[in-house]
Amino acid sequence: MILNTGSRTDIPAYYSEWFYNRIREGYVMTRNPYDPVQVTRYRLSPDVVDVIAFCTKNPEPMLDRMAELERFRQYWFVTITPYGTEIEPNVPDKHTVMESFLRLSEQVGIRAVCWRYDPIFITEKYSLGYHMEAFEKMAEKLSGYTESCIISFIDLYVKTKKNFPEARSVTREEQEILAESFVRLGQRYGIQIRSCCEGTGLQKFGVDPSGCMTQQVLERAIGYSLDVPKGVKPAREGCACLLGNDIGMYNTCGHGCRYCYANYDMETVRKNRKLHDPASPLLIGRLQKEDRVRDARQESYCSGQMMLEW
């Protein structure tokens, strides 16, 4: 199975102690976001967890204890964007995050770490020219430490419109200008540009539109082929991503990014974070009498066949 930690919150940035406690104790529990009294218990063992997928804006809190994850295969997405604190109030400076990215890549390997440059939006300050210049500087810095970069353009979800009302969609013309530039720069620095849920319109510029966490991507990262059951389908239309089982929780990320789809508002986040207990099997709070706990059905997809170099 694929264990996902990052579609709902940023566990490495804010809950690394809790996560390492879960690894040590060998299990984790998570609430169903649509039925909170339904709790699923996952066994954390490499014989059933084929890969742990992380998505973070700040891997630094995890780095000094990475030896505790050596038994597990991993795949890391690290989001590094050129925005200021008026957009991403609590995200560390991009230069600091890039240094952490280099350390992470050295520990887990170039195939197991991917740079995310998303979401992309356009304003007077963050113009096309600004993005192209920023992207090149970042690509130069990260060259040799990752093989790919995921790009996507801002989606105006209900929560995004609420917290970032001045945001607008990126036009097709703007998308094409940036895609052509990023592919050219990526070729210069040895970084393949991929997109997720953006359709195939940018493929003509050299963008791989297949998605960010596809079976091929994961196999390349872990070095083994995966026999994914036919019943395991991609989570969203428009991509082939295998997002797996997420152990995070919405309304718990402290970054406060204005474009975020996972937080309703920062007051809700603050209330939830006060309930966090690093010793609890749940990310937020503890089990209650009314909770219904079930053990997840877990099976390894790993075929045992090592992948040949490609």
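**View 1. Surroundings of D118, a residue of strand β6.** Leaving aside residues up to four places away in sequence, D118 touches T79, T81, I150, I151 and S152, where contact means heavy atoms within 4.5 Å. The model is predicted, so that local features need pLDDT of at least 70 and side-chain atom pairs count only at pLDDT 80 or more, while totals for chains, interfaces and linings use all residues. Residues are numbered from 1 along each chain as its sequence is written, and side-chain values use heavy atoms, with hydrogens and water left out. Strand β6 spans residues 113-120; strands (E, at least two residues) and helices (H or I, at least four) are DSSP runs numbered from the N terminus.

**View 2. Polar contacts of the D118 side chain.** The side chain of D118 makes one polar contact with the side chain of R116 at 3.0 Å and another with that of S152 at 3.1 Å. A polar contact is a pair of N or O atoms within 3.5 Å; within protein, one must be able to donate a hydrogen and the other to accept it, and residues adjacent in sequence count only if both atoms are side-chain atoms. D118 counts as buried, with 11% relative accessibility (buried is under 20% relative accessible area, exposed over 50%, partly exposed in between, with a 1.4 Å probe and protein chains only).

**View 3. Cysteines C55 and C257, outside any disulfide.** The structure holds zero disulfides, a disulfide being a pair of cysteine sulfur atoms within 2.5 Å. For C55, the nearest cysteine sulfur is that of C212, 7.7 Å away, and C55 is partly exposed at a relative accessible area of 22%. For C257, the nearest cysteine sulfur belongs to C253, 6.4 Å away, and C257 is buried at 8% relative accessibility.
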